[in-house]
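Visitor: I should like to learn how to read the charged pairs, the surface and the ligand surroundings of a model. May we work through an example together?

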Amino acid sequence: MAKTKKVVQLMPTDIKEELLAKYPPKVARKRAKQIMINEATESEAPSEILANVRTIPGIITMRGCTYAGCKGVIMGPTRDIVNITHGPIGCAFYSWLTRRNQTDAGEDGENYMTYCFSTDMQDQDIIFGGEKKLEASIQEAYDLFHPKGICIFATCPVGLIGDDIHAVAKKMKAKFGDCNVFAFSCEGYKGVSQSAGHHIANNQVFTHLVGENEEPKEGEYKINLLGEYNIGGDGFEIDRILKKCGITNIATFSGNSTYDQFASAQYADLSAVMCHRSINYVADMLETKYGIPWIKVNFIGAKSTAKSLRKIAEYFGDKKLIDKVEAVIAEEMMEVDKVATDVRTRTDGKTAMLFVGGSRAHHYQDLFAEMGMKTLSAGYEFAHRDDYEGREVIPDLKVDADSRNIEEITVEADPELYNPRKTPEELKALEEAGYQFKHYAGMNPDMDKGTLIIDDLNQYEAEKLVEIMKPDIFCAGIKEKYSIQKTGVPMKQLHSYDSGGPYAGFQGAVNFYKEIDRLVGSKVWSYMKAPWQENPELTGTFVWE
Ligand code: CFM
């Protein structure tokens, strides 16, 4: 049977129209601003994307909540801090090990990752207040583990009843003396998505944790790796490469991180930012307070990894490091090129769609490009306009009531520790040679003209897109997985990686090529028919009939 002709004949404007056709006019008008035809020339198409705004009630969004962004995303991957969820048990249980951030207990053996700490709020705590229960939980955790730090995370009811979690944290910190206790007002409803939770986490970590360690860190070419969460072991692979190059990673925010790493971040000489969306606030604050410049990197994709390593080496400008980085790239690329050449005979020209949180929808396009695959459509769940259009748009971002809800903290240069890592002349020389600090161009420039960029994609639109464009693979999360597979299209989870990974770095690229090759080459989903599709007229009788 001839394969049905796909995609190309359809104009992006037609596809957009079809996605919006079912909505009531008001909903369609709002969604139209969140569906962008890249580099659109059509006069009616918007030149900017609407992002970081509330999901329309009734729409089944792919987003998560603010608590998820704070507790799950930023603080979750840290292994030796006890993270206590103050709230009903469901909030803790569903954030317990659901994100595949791996940890290695290290020499000290401290690893609380496998535990789930909750105050288990009950009806009476909601009515009479939960502060006493929180205090008792903190005490219990301290008595059991004597951790260096205890973090408290607010869930929705905590904000509604007004428990003062910060006062409790302060009291317990003073009582213990040897354990840093602090809290996050990251109630699920605090923002429009998990993005608000990132910002809240960044603020508190910077205020209460960064700089706490006063003992300088030794090492050559010291960097912080910001926005890398060690999903499926990505951080382990990046650390392997950095180590091989002779680069010292002082602190990862926050994959497999420790209390001590955060507390020593001020001793790095460069911040390398992987996930811009979740951690750019810390990058900026490290620069303001300590004078550490930041650059955007991407270790997803072998070529992107090589590029990022070269960028780090160029910053330090030391011939020894530059040569070492080149030697590592040459060595690692042998295997990468071998596998890429092989898979490309099968994957070249295939198509993908990516809808992930706030950076992977962009980063993973590099890996697909290395396999000769085209991205038809992509979007973020909760990123802001700068992640689409580049940081140049930041001054024009509309500050609405929801974003005003998230505290902006003022950071000033530290009177003792502020130390610009480069002289103005050195910075200028680098910039004149094309080096860009504090720069992220966003996803849009890397996507083809006419591709569809969609913010906060929902269940209905996901299925509709797949039906219209029939990609060879669809990438998103667990909530989307099964409905997509039912349409006959293979689905790859890019949050949890299903059970795969790592996909970062050189070895990660090899893993990804092989896995995607298998997925797009497999017909299993398109062969699968549900019983009711084959025998649509099933009849049944009741046993008593
Ligand atoms: Fe950054 Fe992330 Fe992402 Fe993110 Fe996330 Fe994640 Fe993600 Mo899931 S921090 S924005 S809030 S890269 S958990 S490791 S995969 S949505 S694209």
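The dialogue below takes up salt bridges, then a surface patch, then the ligand shell.

Guide: Please keep in mind throughout that this is a predicted model.

Visitor: How many salt bridges does the structure hold?

Guide: The general idea is that side chains of opposite charge can pair when their charged atoms come close. The structure holds 35 salt bridges.

Visitor: Which side chain meets aspartate 260 in a salt bridge?

Guide: Its partner is lysine 217, at 2.9 Å from N to O. This pair links distant parts of the chain, 43 residues apart: aspartate 260 belongs to helix α11 (residues 259-263), whereas lysine 217 sits in the loop between α9 (194-208) and β6 (222-228).

Visitor: Are aspartate 260 and lysine 217 buried or exposed?

Guide: The term "partly exposed" covers relative accessible areas between the buried limit of 20% and the exposed limit of 50%. Aspartate 260 is partly exposed because its relative accessible area is 27%; lysine 217 is also partly exposed, at 28%.

Visitor: Which parts of the chain are linked by the pair of glutamate 331 and lysine 244?

Guide: The side chains of glutamate 331 and lysine 244 form a salt bridge of 3.1 Å, N to O. Glutamate 331 lies in helix α14 (residues 319-347) and lysine 244 in helix α10 (residues 234-245), 87 residues apart. Glutamate 331 counts as partly exposed because its relative accessible area is 47%, and lysine 244 does so at 27%.

Visitor: Where do aspartate 342 and arginine 346 lie?

Guide: Both are in helix α14, four residues apart, or about one turn of the helix. In their salt bridge the closest N and O atoms are 3.2 Å apart. Aspartate 342 is partly exposed at 41% relative accessibility, as is arginine 346 at 40%. Elsewhere, shared partners join salt bridges into one network of Glu237, Arg240, Lys244, Glu331 and Glu332.

Visitor: Which residues make the nonpolar surface patch?

Guide: Residues enter such a patch with over 30% relative accessible area and no salt bridge. Here Ile89, Phe93, Tyr94, Trp96 and Leu97 make a patch of about 550 Å². Isoleucine 89, in helix α4 (residues 89-93), is partly exposed at 44% relative accessibility.

Visitor: Which residues come nearest to the ligand?

Guide: Of the 14 residues around the ligand, the nearest are Arg99, His198, Cys275, Ser359 and His495. By character, the shell comprises six nonpolar, six polar and two charged residues. Domain 1 (1-62 + 349-390 + 440-544) and domain 2 (66-209) each contribute at least three residues to the shell.

Methods: Residues are numbered from 1 along each chain as its sequence is written. This is a predicted model: local features need pLDDT of at least 70, side-chain atom pairs count only at pLDDT 80 or more; totals for chains, interfaces and linings use all residues. Side-chain values use heavy atoms; hydrogens and water are left out. Patches are made of residues with over 30% relative accessible area and no salt bridge: like charges are joined within 9 Å, nonpolar side chains (Val, Leu, Ile, Met, Phe, Trp, Tyr) within 5 Å. Accessible areas come from the Shrake-Rupley method with a 1.4 Å probe; for residues, only the protein chains shown count as cover. A salt bridge is a side-chain nitrogen of Lys or Arg within 4 Å of a carboxyl oxygen of Asp or Glu. Helices (H or I, at least four residues) and strands (E, at least two) are DSSP runs, numbered from the N terminus. Buried means under 20% relative accessible area, exposed over 50%, partly exposed in between (1.4 Å probe, protein chains only). A residue is near a molecule or strand if one of its heavy atoms lies within 4 Å of it. Ala, Val, Leu, Ile, Met, Phe, Trp, Tyr, Cys and Pro count as nonpolar, Asp, Glu, Lys and Arg as charged, and the others, Gly among them, as polar. Domain bounds come from an automatic or database domain assignment.
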